[in-house]
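Student: Could you take me through a single part of this model slowly, the sheet region, and then show me how the pieces around it fit? I'm new to this, so please explain the terms as you go.

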Amino acid sequence: MKEYKNILIIKMSSLGDIIHALPTLYAIRKTFSDAHITWAVHKEFADILPGKPWIDELYIIQRKQIMNLFYLNKVRRDLRKKKFDLVIDLHMLAKSALISFLTGCPMRIGYWDAHEGSSFFTHRIPMRHKKTDHIIEQLLDVARFLGWDKNEIQFPLCDYQPYISPIKEKLKKNGITGDFVILVPGSRGSEREWPIDLWGELAKKLSEKQVYCVIVGALNMKEKALQIQEVAGKKYVVDMTGETMIPELVALEKLATLHISSDTGPLHIANALKKPIIALFGPTLPERSGPYDNAESHVFLADSPGSKDTDMSTISVDDVYRCAYEIWQRKCKE
């Protein structure tokens, strides 16, 4: 096995996709323990990545400048100065393949059938895991190509420990000092979202059992959070949308008793932390992008999953509630 000393990993977005790539980071670090590892990422997702010993350096790629020739020339100069001896493209799009090419590195690897830009690779990796397999296993094929032969699935995350106490204080100010459930009504793409009235019904049922629910998400989810509170009331439903940066969100997920959401970034944070999960899937398939290697994950599928006819409203509130309350009662007794 060849030893590499200066490695660039390219995975710029999104939150869930970067988390899916973290087991590959773990494998690369374990395989090349003395290497200097740089990760190329968009700024808004950089905070999910761990520091040393996993990653030595971040290189921020400006999302809005990536088609600007002057900016790309700067990227070329920056990356060539670093003299990488291995570049790994885990993003698998034309823009990441271009970044790979600009490094001038003689060893640039990626999947042979990457969607775009595979001609920029010097070495194309044959896919051991078919496209229907989970994306985590597909990305790990890159590490296997480089000599990784273990079956471990580990997610090195950012250091969230300094945020545990501040998050506990935020929860306390909202009346929460014990167990709670995280609800994430938003997702990247409205077709993945469970209807907001169903979220309201679920929150109401949990509130009637005096189960605290914390709604999280981006600031643009604020209106949806208010709609949920209108149905369920505010006594047991706390709106924290727009109030958590990524490390704070990780800390909040660590403290939670249960996470409920559709296919979205916070779901994959909860999965990486091995938290109990209820995942609501429809347009995307859990076999490819759902919770992975988590004995406490429970997936509910909408009718006609994976197709344009998927209707998220076909996931039953009663079914989700029964599962959630069973998990709640069991975990609160532990």
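Tutor: Let's start with one pair of residues: H259 stands opposite I277 in β11. Those two sit on a pair of strands, β10 (residues 258-262) and β11 (residues 277-281), which run parallel and are joined by four bridges. Two strands count as paired if DSSP finds at least two bridges between them. The names come from DSSP as well: helices are H or I runs of at least four residues, strands are E runs of at least two, and both are numbered from the N terminus.

Before we go on, keep in mind that this is a predicted model: local features need pLDDT of at least 70 and side-chain atom pairs count only at pLDDT 80 or more, while totals for chains, interfaces and linings use all residues. Residues are numbered from 1 along each chain as its sequence is written, and side-chain values use heavy atoms, with hydrogens and water left out.

Now stay on β11. Five of its five residues are buried, so the strand is largely enclosed by the rest of the structure. Buried here means under 20% relative accessible area, exposed means over 50%, and partly exposed is in between, using a 1.4 Å probe and protein chains only. In a regular strand, side chains alternate between the two faces of the sheet. You can follow that here: I277, A279 and F281 point one way from β11, I278 and L280 point the other way, and all are buried.

Let's zoom out to the sheet. Six strands make an open sheet in the order β9-β8-β7-β10-β11-β12, with parallel pairing. At the edges are β9 (237-239) and β12 (297-301), each pairing on one side only. On average, neighbouring strands of this sheet are turned by 20° against each other, direction ignored. Such angles run from 0 to 180 degrees between N-to-C directions, and the axes are lines fitted to C-alpha atoms, for helices over the stretch in contact.

Head over to the β9 edge. Strand β8 (residues 213-215) pairs with β9 in the parallel sense over three bridges, and V214 has V238 in β9 as its bridge partner. Helix α7 (residues 222-232) lies across β8 and β9, running at about 160° to β9.

That helix has a helical neighbour too. Two packed helices are described by the angle between their axes and the distance between the axes. For helix α6 (residues 196-208) and α7, the angle is about 45° and the axes are 8 Å apart. That makes α6 oblique to α7; angles under 35 degrees count as roughly parallel, over 145 as roughly antiparallel, 65 to 115 as roughly perpendicular, and the rest as oblique. The crossing of α6 past α7 is right-handed, where right-handed means the near helix is turned clockwise from the far one by less than a right angle, and left-handed means anticlockwise.

Who touches whom? I196, W199, G200, E201, A203, K204 and S207 in α6 meet K224, Q227, I228, V231 and A232 in α7, with contact meaning heavy atoms within 4.5 Å. By class, these residues are six nonpolar, three polar and three charged. Ala, Val, Leu, Ile, Met, Phe, Trp, Tyr, Cys and Pro count as nonpolar, Asp, Glu, Lys and Arg as charged, and the others, Gly among them, as polar.

For another helix pair, look at helix α1 (residues 15-31) and helix α4 (residues 135-145), whose axes come within 8 Å and cross at roughly 25°. That makes α1 roughly parallel to α4, and their crossing is right-handed. From α1, the contact uses H20, A21, P23, T24, A27 and I28; from α4, it uses I135, I136, L139, L140 and A143. This contact has nine nonpolar residues, two polar and no charged ones.

Just before α1 there's a backbone detail worth a look: the peptide bond from S13 to S14 is cis, with omega near -20°, and S14 is in the loop between β1 and α1. As for β1 (residues 6-10), five bridges join this strand to β2, and the two run parallel. Here N6 stands opposite H36 in β2. Strand β2 (residues 36-41) is mostly covered, with five of its six residues buried.
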